[in-house]
Amino acid sequence: MSAAFAQELGNGVAAVGSNLFRIGSGETDNNVGTTTRKRYFEEIANARIFFNNLSIGLRYEMDDPSEVGQSFQGLRRRWIEYKKDGLDVEAGHVTSLWGRGLSINNFESRPLNYDAWLDGFSGAYEYKWTKDEADSRPSLGVRAMAGNLLYHDIDTTRPDQSVSARAINSEFGLFGKKLSLGLSFLQGFTSVQGLSFGRSVYTTKEVNQPEMYLSFFEGPMSGFFGFTESRAHLDQVRSMAADIGHIGKAMYGSLSYAGDQFGLTMEYKNYAYFIHSQNDPNANYFSKLPVSSPPEVYKDFTYTSITRTTHAVNFDDELGYQIEATISAIPEYIITLNASASSRHNSYSSQLDTNGIPLISASTDVLPKFSDNNFFPFWEWFTEVEHDFGDLDYIKFFAHRRSDVIASSGTSADVKRSTTVGLKFQYETVRSQSLLISLEHQWMFDAERPLNDHNLLNELVMAQYSFNPVITFGMTWDFSTWYEAGRHIWPEAVVSYRIGSGAHTLLMTYGAERGGLNCSGGVCRYVPAFNGLRVTLTSQL
């Protein structure tokens, strides 16, 4: 959703609005590598009206067709909210984040066609005692939400899932919420429709999921620990009565220090919502609910070459950690060091049990395993040095190394490794004008490349000149030595123009964009390459 600004309408009434208009025409690749025509037309209008303690919001969408996902025309979002003192009640399409999202984090990402908002209601109330009432300054908050969702999976081969969910949360704080304890409970019912001999069949599930979390902060130190247990039960599978239960678990913890010249953050995850082998008959049924989305526990990068092969989190079965240090002790310099790693809990052998399920050959409970590709190990490290030499002037150097096992079966594995280096430079040439240059060079190893040579190079050059804040010109040149592919050079030109007082921004790109992973909140979708014209008009009213 694009940003918006409030306008006074008189009599205590104010309004905000925004509009996003996008069109594209060109060519893309389908799921079998054939070049096809690609066109999209999207209009998204948001409006919100405020009157005293009441606000009303609407979002109108016309995707005809959509760039990603299903086409839609009509009111995508509508809600009404009442806020006064510590009370906040909302009806309509609602979203929320409790703790770190182990039980409740239902967000939306339009570029991925990921939508987990509930159509229902949410409510929250919090009371804070003053220091005069209690030296420990306690607080007590209660939150609840309930609603329905028709969830379209990122994996388009999976059927849609009807979800009915309700949840409640209570959070108790001390010392101005420097210490907080939270308890949550989520209950959900899902129904997945399939086909059998031309008739509809249904698989239904009930989930009862308690969660607890503890957080604190004192001076430069802060920490969080959360745990949830997902108790799922299938009462019918493809319209046949069933009595199948499963208990999954998920754990997340973080510890941070933020000093004036040094910062350190450590994160740990142990997600076991449903540990299973690749051919488990219940693989599509016992995963976490779409309204749950815990942290991914790896760094979100802004460099294109790195994000193109981002690791896709397996929330059903993955444990790992992340450590990041930020050093600013040297004047005008900021140094960032980051490392993360993960793997699955089990390695499976080629031997099968009596039900045809692979036997477990090895396992780990606390730390990820890297010695066996059947654990699907992933690791990466990153370092960046930034030097600021003016209000807008800086130069950044970075280096990144990643290894990720995408698939594994016995002795063969789809392993991708990459080493990426580059720089980003911005310089104010004259007042209100600036130059931005980015260079990225990547060495890639891809075990699945259909040639004896599994190594290739990727190059990315981006240059941009801005007449702030009115107009910006830019170009991108993307190159790969994957010569057997249909294309290995992707040039693109871009221009951005702010219209009038700046309430409207027109963005146009023409040329070729290389495909790759697009991720948000640990959810990833592969975006195919695109060659053509894109136009985006953003309005803030």
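Which residues does I335 touch, leaving aside those up to four places away in sequence? In this predicted model, I335 touches A325, T326, I327, I330, E384 and V385. I335 is part of strand β18, which covers residues 333-343. With a relative accessible area of 21%, I335 counts as partly exposed, because buried means under 20%. For a sense of distance, take G253: I335 and G253 are 82 residues apart in sequence, and their C-alpha atoms are 24 Å apart in space.

Now over to Q322, in strand β17 (residues 318-327). Here's how Q322 and I335 look side by side:

| Residue | Strand | Relative accessible area |
|---|---|---|
| I335 | β18 (residues 333-343) | 21%, partly exposed |
| Q322 | β17 (residues 318-327) | 8%, buried |

Q322 has some polar company. Its side chain makes a polar contact of 2.5 Å with the side chain of E267, and the side chain of Q322 also reaches the backbone nitrogen of K299 at 3.0 Å. Not counting residues up to four places away in sequence, the residues Q322 touches include T265, M266, V297, Y298 and N338.

What about the nonpolar cores? The largest one has 25 residues, and those with the most contacts inside it are I104, Y114, L118, M145, L149, L186 and V291. Strands β10 (139-151), β11 (161-174) and β14 (221-237) are the elements that give two or more residues to this core. Apart from it lies another core, of twelve residues, including F224, Y298, V313 and C524.

Back in the largest core, V291 touches I104, L118, L149 and L186, among others, again leaving out residues up to four places away in sequence.

Technical notes. Residues are numbered from 1 along each chain as its sequence is written. This is a predicted model: local features need pLDDT of at least 70, side-chain atom pairs count only at pLDDT 80 or more; totals for chains, interfaces and linings use all residues. Side-chain values use heavy atoms; hydrogens and water are left out. Helices (H or I, at least four residues) and strands (E, at least two) are DSSP runs, numbered from the N terminus. Buried means under 20% relative accessible area, exposed over 50%, partly exposed in between (1.4 Å probe, protein chains only). Contact means heavy atoms within 4.5 Å. A polar contact is a pair of N or O atoms within 3.5 Å; within protein, one must be able to donate a hydrogen and the other to accept it, and residues adjacent in sequence count only if both atoms are side-chain atoms. A nonpolar core is a set of buried Ala, Val, Leu, Ile, Met, Phe, Trp, Tyr and Cys residues joined through side-chain atoms within 4.5 Å.
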